[in-house]
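Visitor: I am new here and would like to learn how the words used for a structure are earned. Could you walk me through some of them?

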Amino acid sequence: MQEECVSLQVCVSVVGALECVVRRCLGPDGGSVLFTRDTGETLITRHGQRVLRTLHLQHPMARMVLDCVCAHAKATGDGTKSFLLLLAALLREIQDSHMQRKGSWSIPSLQNLANRLLAVSRKELEDVVTHEITPYASLYCNHHSYKLEGSILDLLIGGYISGRVGIGQADVLKRVLCELYHKISQDQNAEETISFIHSHFSFLHTAVTGLPIGCSEVIEGLVVTCDWSVWTEPAGSVKALILYESFGASFVAVGENISVCIQKDYLQRTESAMKQKLASLLDLQVHVVLSSVKQPERVSQWARLNHVSLLECVDSAQLDFLSNISAAETLSHPPLQHLVMLKYCRRVQLGGHRYACLGTFLHMHTLVLCAPAPGFLDQIVCVSQGVFAMLQHLSQSFCQTLASDQSQSPSLDQSQSVLSSQDLWGGILRAGGVLPVGGMFEFLLHHFLLNERNSCDPQSCRLLAEALLCLPRTLYSRNHRRFLNIQTRFLDDLKQWDKTKEQRSEMPELKVGFGFSESSVPCLESVSGKKQLVVSVLQCLHRLLCVGAILNTRCPLRTGPQTHSEEDEDEEEEKPKHSNSTQSTDL
Amino acid sequence: MALNADDFEWEPPSEAEMKVIQARRERQDKISKLMGDYLLKGYKMLGDCCELCGTILLQDKQKKNYCVACQELDSDIDKDNPALNAQAALSQVRERQLATQPLPESNGASSSEPPLSITGQPRPEHCEGAASGLRGPPPAIQSTPLSVPTASSNFLPPATPAPQTAPPLGPVGNTLLHHPALSSAEEAVLHKLRWATQELQHSGSVEASIQLCSLIRGCAESLRSLKELQLS
């Protein structure tokens with residue numbers, strides 16, 4: 001086994017290389033990456049996670065960073081590229097600051113710095129966001145609310161999408177996603193809708209290649225991506241049978257004793273048993289059979305003769321979902337069968353394929369996403385999924401803060417009314433949970449961290465504050481003068497705000513308008529999402545700086561860094577020597 | 001968590017330190033950019049570092065290891081540095097020579113001080129005809145019809161004694177000095193002309209005939225210019 005000393009230099013090189021890869025895809029002006037295979041397949045994407053996963057990374061630090069990035073993206077749906085940019089900027093600041101120490105960082109001092117930064121993320125960051133940024137955001141948005149055309153949800157979705165797909169596609173996608181949300185939210189309140197869509201997004205969307213993106217739409221019913229094997233148009237609502245195994249398989253119920261002996265009329269017996277079961281189905285007035293496996297030919301013949309529609313090879317998870325939302329009743333005798341009531345059954349044509357569409361009584365809708373190429377389609381699906389992950393994170397954190405406020409001061413009636421009302425998004429806006437896109441959060445955090453008076457670690461705050469500016473700098477990299485312009489005006493505004501806040505005089509006229517983003521329509525982003533990004537980056541930095549040594553083992557290489565167990569083993573490999581010090585950091 | 005004051009003191013960096021920081025950061029940025037480009041081209045980022053410079057190694061699809069800093073960055077710098085590279089040194093000297101070398105239009109003017117190449121050999125010949133002329137049959141003359149100007153300039157330094165380092169001598173002196181050179185040059189050219197004519201008569205291929213004709217033309221032109229010189 002070989003051992004090598006891990007230095008700050010290696011961290012900077014690894015993260016620097018990854019940053020250079022994704023930097024070109026950041027923001028609305030960012031480009032896409034074209035991947036080609038020897039077989040001729042191409043993949044054009046600017047989705048950060050997809051780009052990073054396609055690279056060949058064998059260095060354990062790179063894989064660890066990729067794991068952190070994927071975990072963060074799964075939680076918030078946002079900020080893969082910004083994550084790497086911020087991480088790289090922080091590492092470079094640390095490296096530069098060590099030049100003044102006239103010596104190299106020793107490993108314990110690096111770990112100490114990492115701990116201090118983590119402490120900043122827990123204390124100072126929390127304070128600044130709660131006491132400075134949120135009130136500013138609330139005042140700002142309320143002040144400029146007359147400029148907000150359309151609902152807040154539209155602006156949030158617009159803000160998320162505009163940085164990830166081209167302008168023409170962003171409009172279509174925004175319209176379609178808002179439509180899906182509004183149609184599903186008819187039966188439930190905002191919070192439940194978002195949570196429902198986020199957790200079941202894989203069943204609520206269908207991807208279709210070969211059509212232009214303008215053909216994306218929301219259709220009623222649940223689309224199943226296979227065609228009917230036997231189809232008769234049923235009239236009105238029908239009873240459907242859901243089964244997970246083949247008819248011919250088990251003709252013995254669980255719990256019965258079986259004696260195995262080959263009899264002469266074995267085939268005839270099984271035939272008659274199947275006939276009996278099928279006849280019992282007709283007694284139950286079942287007109288549709290949904291099966292997760294392929295049924296024997298005998299069953300298809302029976303279905304054709306008796307005008308029963310048969311759908312085979314459906315994903316069993318989708319069948320579970322259907323039975324959950326339709327309140328299925330389970331048949332007692334054959335154990336793996338459910339009966340559901342369906343409002344209607346249809347056959348739909350989507351982009352050259354025929355699919356089945358099942359209507360439920362719960363007003364289920366499916367989002368049909370179209371794109372000309374598979375890579376682009378994959379990107380659109382990821383973006384759509386990310387939108388709902390971001391909204392879910394926002395609503396969850398908002399409800400948590402409300403709940404904690406309520407628990408602290410139970411006499412507050414306001415919070416209760418906000419929770420119960422349908423206007424979750426209005427509540428979020430008023431409470432200062434959103435800010436305009438374009439780097440406003442980073443500027444605010446930079447300013448407030450530098451001027452934080454009751455901080456116990458000003459050096460680490462300064463480090464973080466300087467590194468934060470890398471994000472807006474990259475966003476405006478095409479037009480550096482604009483960045484400097486915005487920075488100057490904004491910081492002047494903030495100084496004025498600070499002054500008037502202390503004097504408790506009337507609110508200052510905030511000069512910096514919504515002209516932050518390049519597009520004319522203002523877009524919003526979630527403050528809690530941005531805060532979570534900074535926290536995740538500092539946690540990843542802590543892991544990187546606490547690596548004592550990398551041990552190269554002779555066991556075969558694993559392909560793909562996604563499993564959690566592999567991550568643990570990497571950690572075990574990487575922290576053999578300094579286990580004492582790392583344990584002491586767990587506060 | 002006690003804060004150790006010695007651990008992390010921050011003071012503004014001095015100018016020299018700033019320059020070092022900037023240079024180092026630029027180099028690091030260049031390396032990162034190159035690595036990022038190679039990663040996107042399908043190279044694999046390995047878990048090892050280069051032994052010479054400590055940069056992370058990349059591996060291409062043919063399983064060959066590649067260090068970005070050693071192969072691309074540092075060689076760019078060293079390649080052109082004369083102190084480190086003999087080739088660069090030689091080419092630098094030749095460039096200087098070219099810049100100060102007199103233009104070869106008139107034979108007399110500044111040929112009193114023609115700079116020699118370092119090795120003292122005549123300048124490399126630029127065409128096949130000239131080279132074949134060199135290899136040609138006796139007399140063993142160092143020049144050919146096409147490089148008469150250089151020949152005259154090369155002849156001069158051994159002929160002129162040291163005190164005559166002053167810039168251009170009078171035309172009289174030049175003519176006197178050139179007489180033996182001119183006549184021997186004329187002889188050589190005539191001889192070559194005769195040889196080429198003979199070869200042309202016996203030549204079978206078109207290419208060779210064309211080349212011999214051009215050689216004859218060159219000889220004729222040289223003779224004409226020699227005559228002009230003699231008359232002037």
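**Reading the labels**

Guide: Gladly! Let us start with A:Phe203, which has a relative accessibility of 15% and therefore counts as buried. Please keep in mind that this is a predicted model.

Visitor: What makes 15% enough for A:Phe203 to count as buried?

Guide: The word buried applies under 20% relative accessible area. A:Phe203 is at 15%, so the label fits. A:Phe321 has a relative accessible area of 3%, so this residue is buried too.

Visitor: Why is the aromatic pair of A:Phe203 and A:Phe321 called stacked?

Guide: Two rings pair if their centres lie within 6.5 Å, and planes under 30 degrees apart count as stacked. Here the centres are 5.0 Å apart and the planes differ by 25°, so both conditions hold. A:Phe203 belongs to helix α10 of chain A and A:Phe321 to helix α13 of chain A, so the pair ties together parts 118 residues apart in sequence.

Visitor: How do you know that the pair of B:Tyr43 and B:Tyr66 is edge-to-face?

Guide: The angle decides: planes over 60 degrees apart count as edge-to-face. The planes of B:Tyr43 and B:Tyr66 stand at 70°, with ring centres 6.2 Å apart, so that is the right name. B:Tyr43 sits in the loop between α1 and β1 of chain B, while B:Tyr66 is in strand β3 of chain B, 23 residues apart.

Visitor: Are B:Tyr43 and B:Tyr66 buried or exposed?

Guide: B:Tyr43 has a relative accessible area of 19%, so it is buried, and B:Tyr66, at 15%, counts as buried as well. Over all chains, the structure holds 12 aromatic pairs. There is also an aromatic cluster formed by A:Tyr136, A:Tyr140, A:Phe443, A:Phe483 and A:Phe490.

Visitor: Now to helices. Why are α5(A) and α21(A) called roughly antiparallel?

Guide: The axes of α5 (residues 107–122) and α21 (residues 527–545) of chain A cross at roughly 165° and come within 9 Å. Angles over 145 degrees count as roughly antiparallel, and the two helices are therefore given that name. Their contact includes A:Leu110, A:Leu117 and A:Leu118 of α5(A) and A:Val535, A:Leu538 and A:Leu541 of α21(A). The residues of this contact divide into 8 nonpolar, 5 polar and no charged.

Visitor: And how many helices and strands are there in chain A?

Guide: Chain A has 23 helices and 18 strands. Of its 587 residues, 54% count as buried.

Definitions and conventions:
Residues numbered from 1 in each chain as written. Chains lettered and ligands numbered in written order. Predicted model: local features only at pLDDT ≥ 70, side-chain atom pairs only at ≥ 80, totals over all residues. Heavy atoms only, no water. Axes fitted to C-alpha atoms, helices over the stretch in contact; angles between N-to-C directions. Helix = DSSP H or I, 4+ residues; strand = E, 2+ residues; numbered from the N terminus. Parallel < 35°, antiparallel > 145°, perpendicular 65-115°, else oblique. Contact = heavy atoms within 4.5 Å. Nonpolar A, V, L, I, M, F, W, Y, C, P; charged D, E, K, R; others polar. Phe/Tyr/Trp six-rings, centres within 6.5 Å; stacked < 30°, edge-to-face > 60°. Buried < 20%, exposed > 50% of the residue type's maximum accessible area, 1.4 Å probe, protein only.
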